[in-house]
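Here are my notes on this model. Please keep the structure open as you read them.

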Amino acid sequence: MSSTTRITVTLPSEQVAELRKLTDNVSGYVAEAVARQIRHQLLGDDLRRHEEEHGNFTDEELAEARAKIFGTAGTGQRTDAA
C-alpha cells in the first residue's frame, strides 16, 4: 500500500452532503478525483508541448485520436471528455 498523508480540505457544505450520498469512502473518492485531474493536467501539458514542437494537430490526427478514445470514427459529433 502506498503511503498517505492526512490533510484538511475545506469544501462547500452542499458538496460534502452530495459526496456522502455517493460514497462511504470520501477519502478514496477524493483521491481518485485528484488523480484524474492530475492525469488530465499532465496530458494537456504534453499535448501543448507536442503542438509547440510539431504544429497543430491535423483534422485527420484528431479524428484518429477520437476513434481510439471513443471507439468510433467519423461520427461528426464532438464529445468533450473533460
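1. Start at the end of helix α3. Gly71 follows α3, and its phi is positive, near 80°. Bear in mind that this is a predicted model.

2. Now check the length of α3. Helix α3 covers residues 59-70, which is 12 residues. At 1.5 Å a residue, α3 should span 16 Å, and its end C-alpha atoms are indeed 16 Å apart, so the two values agree.

3. Try the same check on α2. This helix runs over residues 26-54. Its 29 residues should span 42 Å at 1.5 Å a residue. The end C-alpha atoms of α2 are 42 Å apart, which agrees.

4. What follows α2? It is Gly55. The phi of Gly55 is positive, near 90°.

5. Next, look at how two helices meet. Two packed helices are described by the angle between their axes and the distance between the axes. The axes of α1 (residues 13-22) and α2 come within 10 Å. They cross at roughly 105°. Angles of 65 to 115 degrees count as roughly perpendicular, so that label fits α1 and α2.

6. Which residues of α1 meet α2? They are Leu19, Arg20 and Leu22. On the α2 side, their partners are Val26, Tyr29 and Val30. The residues of this contact divide into five nonpolar, no polar and one charged.

7. Finally, confidence. The mean pLDDT of the chain is 89, and 87% of its residues reach 70 or more. Confidence is highest in α1, at 97, and lowest in α3, at a mean of 94. Where pLDDT is low, the predicted coordinates should not be read in detail.

Key. Residues numbered from 1 in each chain as written. Predicted model: local features only at pLDDT ≥ 70, side-chain atom pairs only at ≥ 80, totals over all residues. Heavy atoms only, no water. Helix = DSSP H or I, 4+ residues; strand = E, 2+ residues; numbered from the N terminus. Expected span 1.5 Å × (residues − 1). Axes fitted to C-alpha atoms, helices over the stretch in contact; angles between N-to-C directions. Parallel < 35°, antiparallel > 145°, perpendicular 65-115°, else oblique. Contact = heavy atoms within 4.5 Å. Nonpolar A, V, L, I, M, F, W, Y, C, P; charged D, E, K, R; others polar. pLDDT = per-residue confidence, 0-100.
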